[in-house]
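Thanks for coming, everyone. I would like to walk you through one structure this morning, taking a few places in turn, so please have a look at it before I go on.

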Amino acid sequence: MSALGGLIVVLAAWLGGRALLPSRTALPRCGWEEQGIAYLLGSATLVLAAMAATWAGLPFSAVTAGALLALSAFAGGWRLLRDRREPLADRALKGWPFPLVVALGLGSVALTLAWPLNEFDPILHFAFKGRLLFGGADPAGEAFTAIAGDYGRVMTHPNYPLGVPFLEAFAAHAGGGWSDRWVQAPLALWSACLPAAVSLGLRGLSPAAARAGALIAACTPALYAREFLSGGLADLGAAGLGEEKMLGGRGDLPLMALFGAGAALLLIARRCGARTRAGLPAWRPAALAGLCLAGGAMMKNEGLALIGVVAIALALGALLEGGRNWRPGAVALGVAALALTPWLVHRGALPAIDENYSEQVSLERIGHYLTVDESDENSPIRAENYGEDWTGASRWRPARIGRYFGSEFLDLLSWGLLWPLAALGLLHALRRRELRWLALVLAGGVALYALILLVTPWFLPSLYKKGIPARLLIHLAGPAALLAGAVFGPRKTAAAG
């Protein structure tokens, strides 16, 4: 029954997302693109609806979870019956690339389900909250908010968002019990869905761009594991006992997939908004983009900061375009803000944490790390144990951050060709008005994460050992793949957007 519960949540999320999509005539797409974007939309909507329900005072009981799943499934089933005669578009991904991408996606699902929850982050940051929600705990109650005397907080990082815990609790309710393996079923599809979202976003640019973007995304090893197979096939049996595995119950892949889908849908919306006669009103994909961005912010705290990056990029892009085509971005940001209101109000009542970067980012702290070498007083172990990273390299944080990011960008075993091609995409965007905002999103995201690492209270070599820079950069895989794929599109500067 636990396995069945996970499958029920996956099906209900997919059907709910399918109900939200415009018609196939208005938004041409192939079946693979449709399934991927529908699941991402549906999962975002489910967690946003669950947050709104608990914020309104409803307990997240089996009745509430069942009602939301049933509503999602009913809406999608009705939409499927209504649209059953609408034809699908041809696949942009034809020939050998398509079975390769499908095989990689299915493999990521199988490996996720093969590894039970057994790492610090999936257990303590997410599954602990999921079990509380499944047990009927109020997100505004003591289990989530209390400070326990000399022992500190009841849970680590109480103001982490509840997207992943809600999906796990949905699966547990649908299956009639908690299972460390099968509550991951709704969390197994992120790496499989991102290439489909990228393909859909680039379809309007050209089939070649859509094909290249999807293939680049799917063949990025970090979507599955860092340093992919560097130790041979034995790595696949490591069961997530190290920091190399990206699959599983963390919040990084959900944020990656939903942020990528939001960027892809916003790219579509801006192309529609730039046309004088568009078959698809720009507000519809823009609103869906807003739902995906909000869903990403429900998965991990960085998603909220990335929405700020998108807002700044859209504003700067509008200035570069002389104030044209600003409405799709405004709709997307407005929908995201409205959908996130329950979580933002609730989050304001939660205890602050060490990673509360709204307090960490200050001119004083930035100035400190720009002028003073890093101290080892916050190191969890002897700093000398980090080897040359501490004893032989510069201890100036900006230099260290540049070295860490540079090593990631050049790490082919983790990233394949994603970052070199994304760099070409940034140069290509200088000649394409419709891509400049997306280039600003990618550059702004990297700058944001460099700033976070600059002011973090944690010992930086320790964070690098834990793979934190890579786990931050994976959030930007969607915009990077969109820009990389666009390099293979038409060279002529478009009049649109």
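Let me begin with a question: which residues in H10 meet which residues in H23? Before I answer, please keep in mind that what you see is a predicted model. On the H10 side we have Met 256, Phe 259, Gly 260, Ala 263, Ala 264 and Leu 267, and these meet Ala 477, Gly 478, Pro 479 and Leu 482 in H23. Sorted by class, the residues of this contact are eight nonpolar and two polar, with no charged ones. The axes of H10 and H23, the latter covering residues 477-486, come within 7 Å and cross at roughly 40 degrees, and that angle makes H10 oblique to H23.

From here it is natural to turn to the core. The largest nonpolar core has 152 residues, and those with the most contacts inside it are Phe 170, Trp 190, Leu 202, Trp 419, Ile 474 and Leu 476. Helix H10, which spans residues 252-273, gives the most to this core, namely 14 residues. If we pick out Leu 202 and leave aside its neighbours within four places in sequence, we find Leu 202 in contact with Ala 209, Ala 210, Gly 213, Leu 267, Ala 481, Leu 482, Gly 485 and Ala 486. Two of these names, Leu 267 and Leu 482, you have just heard in the contact of H10 with H23.

Next, a pair of helices involving the start of the chain. The axes of H1, residues 2-20, and H3, residues 62-82, come within 7 Å of each other and cross at roughly 50 degrees, and H1 and H3 are therefore oblique to each other. Their crossing is left-handed. As for the make-up of this contact, it has 11 nonpolar, four polar and two charged residues; Trp 14 and Arg 18 are among those on the H1 side, while the H3 side includes Leu 69 and Arg 79.

A further pair is H12 with H20, the latter being residues 433-455, and here the axes come within 8 Å and cross at roughly 140 degrees. That, too, makes the pair oblique, and the crossing of H12 and H20 is right-handed. The residues of the contact divide into 13 nonpolar, three polar and two charged, with Glu 302 in H12 and Arg 436 in H20 among them.

Let me finish with some single residues. Ser 108 lies in helix H4, residues 97-114, and is Ser 108 buried or exposed? Ser 108 is buried, with a relative accessible area of 1%, and, apart from its neighbours within four places in sequence, Ser 108 is in contact with Ala 188, Ser 191, Ala 192, Tyr 224 and Leu 247.

Asn 325 sits in the loop between helix H12, 302-320, and helix H13, 327-348, and Asn 325 is also buried, at a relative accessible area of 14%. Most residues other than glycine have a negative phi, whereas the phi of Asn 325 is near 55 degrees, a positive value.

Lastly, Val 372 is found in the loop between helix H15, 363-371, and helix H16, 388-391, and Val 372 is partly exposed, with a relative accessible area of 36%. The C-alpha atoms of Val 372 and Ala 49 are separated by 46 Å, the two residues being 323 residues apart along the chain.

Definitions and conventions: Residues numbered from 1 in each chain as written. Predicted model: local features only at pLDDT ≥ 70, side-chain atom pairs only at ≥ 80, totals over all residues. Heavy atoms only, no water. Axes fitted to C-alpha atoms, helices over the stretch in contact; angles between N-to-C directions. Helix = DSSP H or I, 4+ residues; strand = E, 2+ residues; numbered from the N terminus. Parallel < 35°, antiparallel > 145°, perpendicular 65-115°, else oblique. Left-handed = near helix turned anticlockwise from the far one by under 90°. Contact = heavy atoms within 4.5 Å. Nonpolar A, V, L, I, M, F, W, Y, C, P; charged D, E, K, R; others polar. Core = buried A, V, L, I, M, F, W, Y, C linked by side-chain atoms within 4.5 Å. Buried < 20%, exposed > 50% of the residue type's maximum accessible area, 1.4 Å probe, protein only.
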